[in-house]
Amino acid sequence: MRTPPLASGAEGPDALRPLLDTVLAALADGAHARGGPLPAGGPETVAQRIRDTLGDALPDKGDDNALHDLVRALAEGAADPAHPHCAAHLHCPPLAVATAADLAASALNPSLDSWDQAPAASELETLVTRALAAETGAADALVTTGGTESNQLALLLARETHPGVRLVCGTNAHHSLSRAAWLLGLPEPVTVPAPAGTLDPAALDEALTALPAPRGPLLVAATAGTTDAGLIDPLPRIAALCAAHGARLHVDAAYGGGLLFSTRHRTKLAGLEHADTVTLDLHKLGWQPVAAGLLTVKNPHDLTALAQHADYLNADDDTEAGLPDLLGRSLRTTRRPDILKIAVTLKTLGRDGLGALVDQVCAHAHEFARLVRTHPGFELHAPPTISTVLFRPTAATDDAVAAVRRKLLHDGRAVLGRAHLDGRLWLKATLLNPHTRPDDLAALLKLVEGNTPR
């Protein structure tokens, strides 16, 4: 059997070029076969199609059509975030330029656990992470796989800097925070009410004051962009309370952090600069292929907790001779250069270009909210803060709201999320496609109207 060509090295581009044509054709074929934002028929239909295409996952003889067939099957069975009716989650359509850069990262295959595996990528990561950290008022930033890893790292750094630290967060906080506290062996988090969907400062002050002595060090976690309604906690008041009570502050801005690129919307994040750590996630309001997370850190000394020594990667004499030590930049050892796609995007679009994308999706949310508010058959939960709109058919039961969502999913016609707020179930539209048009939004509302059980 002929040895398959490699994707890197001097002959890599020639080996990849015909395969790219195959992949692009398969993507187009699969999208055409799907015909909408989601494959129709539900889980079993999709699963059977994949089983039929894959067959024997490890056959004795190879199949030259495997690339086309499996990519086509994946595309046909995908939820397409570029479709204007795919609006359930913080699942963005990645920019073409970022996707192209991601291909280069895969082809070169650097690993950022030692300089001799990633000479240029390590320097690029240093420069870009510091630039993004500065946007939040921080000194440095680590690249992560997303919000969950960033939140876990934030708790780890707090624990190592302040042994015995206890997490204090709102009922609106992301589930990854309490999970990280459990994983790290921290005490049970103190949960503060968020009656309007955001952390209540008065309740936070009361909770911080009432903690019994000796209370130990505290870590308050605030949220800038909740996953249910896209709401932002009152960061300046929370930061002031943290200062008054001597608590450390972490802000989970996985969703809302992208507002920093927008001159019009970045003021919504006032107070972020007071945080000790901030979670950012550019595969949301940054239009990056997964994964593209960061954790910014105000005090670089906090990162000493991640220091690790492995002689084959960061021997003392190599480090003393000037070879950068990369092991302390992550809990992971092998790390792909996710920074490349981020760097290419920042450089290609600039602040103005990225800010325009943020402004567009926020404007789409306000337009959709207007359509809901002026339609007699629908109820709007509240004006959008970022790009999430909660709505429901007027007088519908929660069971009917759940049923219309599942009906649209099963038919492959629309992908909407769900959120429980104010004791009721709401449909959730998270608008992350800058190319969505007003008639797309009107058509989405009409789909919900026409499929709601009576």
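**Fold and a helix pair in a predicted model**

Of the protein's 454 residues, 50% count as buried (under 20% relative accessible area, 1.4 Å probe, protein chains only). This is a predicted model, where local features need pLDDT of at least 70, side-chain atom pairs count only at pLDDT 80 or more, and totals for chains, interfaces and linings use all residues. Residues are numbered from 1 along each chain as its sequence is written, and side-chain values use heavy atoms, without hydrogens and water.

Student: Why is the protein as compact as a globular protein of that length?
Tutor: It holds 14 helices and twelve strands (DSSP runs, H or I of at least four residues and E of at least two, numbered from the N terminus). The globule rule, 2.2 Å times the number of residues to the power 0.38, gives 22 Å for 454 residues. The radius of gyration, taken over C-alpha atoms, is close to that, so the protein is as compact as such a globule, at 24 Å.

Student: Are α6 and α7 parallel or oblique to each other?
Tutor: Helix α6 (residues 147–161) and helix α7 (residues 175–183) have axes that come within 9 Å and cross at roughly 50°. Axes are lines fitted to C-alpha atoms over the stretch in contact, with angles from 0 to 180 degrees between N-to-C directions. Under 35 degrees is roughly parallel, over 145 roughly antiparallel, 65 to 115 roughly perpendicular, and the rest oblique. The pair is therefore oblique.

Student: Which residues of α7 make the contact?
Tutor: Contact means heavy atoms within 4.5 Å. From α6 come G147, T148, N151, Q152 and L155. From α7 come S176, L177, A180, A181 and L183.
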